[in-house]
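User: I've got this model open and want to go through the ligand site with you. Can you back up each label as we go?

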Amino acid sequence: MYRSRVSGIGSYLPEKILSNKDLEKMVETNDQWIVERTGIERRHIASEDQATSDLCVIAAKRALEDANLKVEDIDMILVGTVTGDHQMPSTACFVQAKLGAKNIMAVDLNAACSGFLYGVSIADQFIRTGMYKNILVIGAEVLSRYMNYKDRETCILFGDGAGAWVMSRAAEGQTNVIESSHLRADGTLADLLILPAGGSKIPQSHEAIDKGLNFMTMKGRDIFKNAVRTMASCCQEALEHNKVAPEQVDWIVPHQANKRIIEAVADQFKFPMERVIVYLQETGNTSAASIPLAFDWAVKNGKIKRGQTILLTAFGAGLTSGSILLRY
Ligand code: ACO
């Protein structure tokens with residue numbers, strides 16, 4: 001059986017910044033509340049002419065360059081997103097066309113903030129079986145289009161961005177590989193975070209818009225509790241499965257939703273925050289893009305290095321959750 005490795009990484013944040021001070025002018029909030037409760041200082045917002053696939057393409061080209069591969073080398077494109085360009089067709093198809101990739105499979109994954117980990121796990125399986133050699137996995141969101149900038153409980157949290165990995169078949173004996181992935185979903189908690197209108201249950205209509213059903217709604221405290229519970233449990237599963245003690249992990253790269261959620265998960269393993277990647281001060285919660293964005297930033301800033309043991313973990317609407325143990 002083959003193994004998969006991360007052969008290239010890239011990310012992209014739109015230029016426009018929405019700071020906490022900017023939000024103070026839009027809703028009744030303040031910089032101190034946002035920083036103390038979430039850790040977020042600013043988030044990046046896509047320009048009017050940028051759709052999710054445009055963000056994907058920039059991140060993907062950077063990852064391909066890092067992998068020293070051409071677009072012709074790619075066998076499959078997976079895009080984790082809940083904010084695709086259109087309801088149909090998939091954003092992955094637009095990415096395929098814009099990159100000029102030919103005769104390959106391209107598909108979207110809707111697992112919200114866990115979408116990137118779901119994508120990496122699926123790519124890993126396709127490589128393990130020997131079916132494909134190089135797979136582009138992207139997590140990308142333009143969440144700003146679904147925000148109600150009159151709702152202070154949600155609009156302060158989210159931002160736009162994209163991150164991409166090229167996953168490749170590892171050469172014989174190569175150690176920097178995906179060790180294992182542990183993914184879950186609990187649809188009984190679906191109503192905790194939902195974008196109600198626009199699907200078959202509540203089609204887009206003037207009435208739905210008047211009721212604000214085209215915006216994301218959230219039960220923040222319940223998500224907080226479940227996020228800590230599920231991420232800690234998925235991390236525990238990854239550690240036990242690989243017989244790795246918390247002190248043997250070099251870095252945890254968690255979904256970047258809220259600094260207090262991240263601290264609570266780290267605390268469960270007595271894991272020092274100095275070895276946890278926190279990048280949400282710059283990005284806010286970018287859902288499926290958050291882990292590859294944070295990972296790329298941590299590599300470029302000399303934190304994560306080749307050969308290290310990395311634990312990735314996420315939770316998101318669904319509720320979905322997961323962890324991946326990676327020897328980078
Ligand atoms: N500015 C100022 N005050 C605010 C704001 C704001 N932006 N938002 C809420 N408040 C007020 C509330 O109205 C409340 O006031 P009250 O005490 O008078 O009733 C008070 O602050 C405390 O509100 P809480 O909701 O208890 O605040 P909490 O400490 O729980 O923090 C938060 C709220 C940040 C939303 C937190 O619950 C959280 O991060 N939850 C997880 C959210 C999350 O991660 N969502 C993404 C899921 S991932 C995905 O799939 C996209």
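User: How do the residues of the shell around the ligand divide into nonpolar, polar and charged?

Analyst: Bear in mind that this is a predicted model. The shell divides into 13 nonpolar, seven polar and six charged residues.

User: Which of the 26 residues around the ligand come nearest?

Analyst: Those would be Thr29, Arg37, Cys113, Arg221 and Asn258. A residue gets into the shell if one of its heavy atoms lies within 4 Å of the ligand.

User: What makes the pair between Asn258 and the ligand a polar contact?

Analyst: A polar side-chain atom of Asn258 lies 2.6 Å from an oxygen atom of the ligand. The cut-off for such a pair of N or O atoms is 3.5 Å, so the Asn258 pair at 2.6 Å counts as a polar contact.

User: And what about Arg260 and Gly220, how far are their atoms from the ligand?

Analyst: For Arg260, an N or O atom in the side chain is 3.0 Å from an oxygen atom of the ligand. With Gly220 the partner is a polar backbone atom, 2.9 Å from a nitrogen atom of the ligand. Both pairs are within 3.5 Å, so they pass too. As for cover, the ligand has 1000 Å² of accessible area on its own, and the protein covers 78% of that.

User: Where does the ligand sit?

Analyst: In the second largest pocket. To say so, more than half of the ligand's atoms must lie within 2 Å of the pocket's grid points.

User: Why is the ligand said to lie between domain 1 (4–169) and domain 2 (178–327)?

Analyst: Because both domains give residues to the shell around the ligand.

User: Which element gives the most to that shell?

Analyst: H8 does, with four residues. Helices H2, H6 and H9 and strand E12 are among the elements that each supply at least two.

User: Away from the ligand, what makes the peptide bond from Met88 to Pro89 cis?

Analyst: Its omega is near 0°. Pro89 is in the loop between strand E4 and helix H4. The bond from Gly318 to Leu319 is cis as well, with omega near -10°, and Leu319 lies in the loop between E12 and E13.

Definitions and conventions. Residues numbered from 1 in each chain as written. Predicted model: local features only at pLDDT ≥ 70, side-chain atom pairs only at ≥ 80, totals over all residues. Heavy atoms only, no water. Polar contact = N/O pair within 3.5 Å; in protein donor to acceptor, adjacent residues only side chain to side chain. Areas by Shrake-Rupley, 256 points an atom, 1.4 Å probe, with all protein chains shown as cover. 1 Å grid on protein atoms, 1.4 Å probe; cavity = no way out; pocket = protein on both sides within 12 Å on 5 of 7 lines; lining within 4 Å. Nonpolar A, V, L, I, M, F, W, Y, C, P; charged D, E, K, R; others polar. Domains from an automatic or database assignment.
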